[in-house]
Amino acid sequence: MNNEKLLLKLKTIITPYVQNEEGLNNLSEETDFIQDLEINSANLVDVVLDVEDEFDIEIDNESMEKMLTVKASIEVIEGKLAAK
Amino acid sequence: MSRRRVVVTGLGVVAPNGTSVSKFKEAIQNLDSGIRFIEELKDLKFSCQIAGLPLYDDDYLNNYFNSIQLRGLKASGLEYGVMAGIDAWLDAGLPRIPSETPLWDAGVIFGTGILGVDKFREAIYKVDQGNVRRLGSNTVLQTMASGISAFLSGMLGCGNVVTTNSSACSTGTEAILMAYDRIVNSQAEIVLAGSTSDSGPYVWGGFDAMRILPYKYNDDPTKASRPMSASAGGFVPGSGAGALVIESLDSAMARKATIYAEILGGHVNCGAQQNGGSMTAPNNEAVQRCIKKAVQHAEIHADDIDAINGHLTATSKDPVEINNWCEALGRKKSDFPYINSLKSHVGHCLAASGSIESVATVLQLRDGFIFGNMNCEDLHPKIEALIDNRQVPLKTLYTSPNIIAKASFGFGDVNACVIFKKY
């Protein structure tokens, strides 16, 4: 899966939790879920569960803690996919 | 110094026979039952396969919940409570969008017996499968009892007391009196008060197991709930929510709100499971005392009461309740007030019963009627010996009651009685 396709899938997953629409329009690798998208920190858990379902992977606690930005999330997802 | 006056300025209801105040009012005036056969209960081998269940399309929830709140929402009591609560708030002319500064003088007291049972069931399965990490963030929010008051305060921006009371089937009536106290004591100006009750087999199963639900009416559901009748065979389980915006008269006048009724006062107590009282049966002395104290606190005379909205669940205890009212008010035969039971229309909505029935009570005062009792053509002989059967209307009477007493009694031997007056 190329990076662009992965980003698109991630965007679909996070969209329902986003409270700052402008941040979503300007989505880039640098986007921070809490700072830029105003995702409620409690909902980060739900984002990770949705990612697990979408990519059929399991994300351990340590990896989960890293998934605060688009870039870090893509890295985690790519790593888990490669390890499959 | 005279006491602050407290009024009702908004109503909301999600009941088995109507999910808006206007539909509910029409239903109770026309004696439209909200009790129906529930296939799921039959499949699960319940003795009682009927219940009072509010009906609405899933799309309807979009008017109240945002997309995040709707994800994984599996808490019927939360749905009912939020819908009724927001409806009451808007009915009172209060703003839907919360301001950034909390409304420090507006609180939420919204009770329940148990919340999010279906969500909890889902969580139990996952936990038992060793899959706790997959519960998601909303399990706690939907299953904590105070989830209902928490959701409402966030949606409306209420910054005063935000809590959930619980006292079995007196919960809703108790919430109203807690709100009343808060306002009388000048600790708040507005309180959104009410209660909600989840629906479904996991809530109703325990009652079915106690053999206190009717089992002979599965093919004739609307005849099943028979308060005060000689053929009463147990209470029909129900669910839903009722909500009332309770406000100081000062605040209501200042914002030119429409005032539906005044709360003159009331009382809550407990029979301590003594003198015939138990976990499930009332101590009659306590019931009578609760009613007497409510009348006294409201600074009225027992003779001023035009109508009673009873607890009257349709069990063998109904004649005992009537006797308690007779004794507490010192009134009987044709001198007894009109009396009705909403449970004949919607069943026993458990923790939600007190608030749904209080909404019905306030509507009677506001619009001048006494709704008729269903399925009571055969008034119980023990009741007929105490009060004139004309005081138990079988059809809706279009008369203007001035004062109505509303009482609820619950497991744990707890009692609550509130006195409403036309404004």
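1. A good place to enter this predicted model is the pairing of E8(B) with E12(B), two strands that run antiparallel and are linked by nine bridges. Within that pairing, Cys270(B) stands opposite Val414(B) of E12(B). Strand E12, residues 414-422 of chain B, has seven of its nine residues buried, so the rest of the structure largely encloses it.

2. E12(B) is also joined to E11(B), again in the antiparallel sense, and here the number of bridges is eight. Ile403(B) stands opposite Lys421(B) in E12(B), and the hairpin made by E11(B) and E12(B) has three residues between its strands, with Gly412(B) taking a positive phi near 95°. E11(B), which spans residues 403-410, pairs as well with strand E9 (residues 307-309) of chain B, in the parallel sense and over three bridges; the bridge partner of Ile308(B) in E11(B) is Ala405(B).

3. Strand E1(B) deserves a point of its own, since nine of its nine residues are buried and it is therefore largely enclosed by the rest of the structure. E1(B) runs antiparallel to E7(B), to which eight bridges join it, and Val14(B) stands opposite Ala241(B) of E7(B). E1(B) pairs in the antiparallel sense with strand E8 (residues 261-270) of chain B too, over three bridges, and in that pairing Val7(B) stands opposite Glu262(B).

4. How do these pairings fit into the sheet, and what is the order of its strands? The sheet is open and has 10 strands of chain B, in the order E5-E4-E6-E7-E1-E8-E12-E11-E9-E10, with mixed pairing. Strand E5 (162-163) and strand E10 (338-340) of chain B are the edge strands, each of them pairing on one side only.

5. Chain B is divided into domain 1, residues 6-261, and domain 2, residues 266-422, and the C-alpha centres of these two domains lie 21 Å apart. Their contact takes 58 residues from domain 1 of chain B and 58 residues from domain 2 of chain B. On the side of domain 1 that touches domain 2, the elements that give two or more residues include E1, H1, E3 and strand E4 (106-112) of chain B, while the largest share, eight residues, comes from H8(B). By class, the residues on that side of domain 1 divide into 29 nonpolar, 25 polar and four charged.

6. The largest nonpolar core has 131 residues, and those with the most contacts inside it are Leu192(B), Leu244(B) and Ile246(B). Helix H4 (residues 76-91) of chain B gives the largest share of this core, eight residues, and the core draws at least three residues from each of domain 1 and domain 2 of chain B. Leaving aside residues up to four places away in sequence, Leu192(B) touches, among others, Gly85(B), Ala88(B), Trp89(B), Phe110(B) and Val245(B). A second, separate core of 16 residues includes Phe33(A), Ile39(A), Val47(A) and Val76(A).

7. Which residues of helix H1 (residues 21-30) of chain B are buried? They are Val21(B), Phe24(B), Lys25(B), Ala27(B) and Ile28(B), and because they cover an arc of only 165° around the axis, they are on the same side of H1(B). These buried residues pack against strand E1 (6-14), H4, helix H13 (343-346) and helix H14 (353-367) of chain B. Leu31(B), which follows H1(B), has a positive phi near 60°.

8. Helix H9 (residues 201-209) of chain B can be read in a similar way, with Val203(B), Trp204(B) and Asp208(B) buried. Seen down the axis of H9(B), these buried residues fall within an arc of 130°, so they line one face of the helix. The face turned away from the buried side of H9(B) carries the exposed residues Gly206(B) and Ala209(B). The buried residues of H9(B) pack against strand E3 (50-52) and helix H5 (117-128) of chain B, and just after this helix Arg211(B) takes a positive phi of about 60°.

9. Finally, the two chains: six residues of chain B are in contact with seven residues of chain A. By class, the side of chain B that touches chain A has one nonpolar, three polar and two charged residues.

Conventions:
Residues numbered from 1 in each chain as written. Chains lettered and ligands numbered in written order. Predicted model: local features only at pLDDT ≥ 70, side-chain atom pairs only at ≥ 80, totals over all residues. Nonpolar A, V, L, I, M, F, W, Y, C, P; charged D, E, K, R; others polar. Core = buried A, V, L, I, M, F, W, Y, C linked by C-beta atoms within 7 Å. Buried ≥ 20, exposed ≤ 12 C-beta atoms within 10 Å, placed from the backbone. Helix = DSSP H or I, 4+ residues; strand = E, 2+ residues; numbered from the N terminus. Domains from an automatic or database assignment. Arc of directions from axis to C-beta. Pairing = 2+ DSSP bridges.
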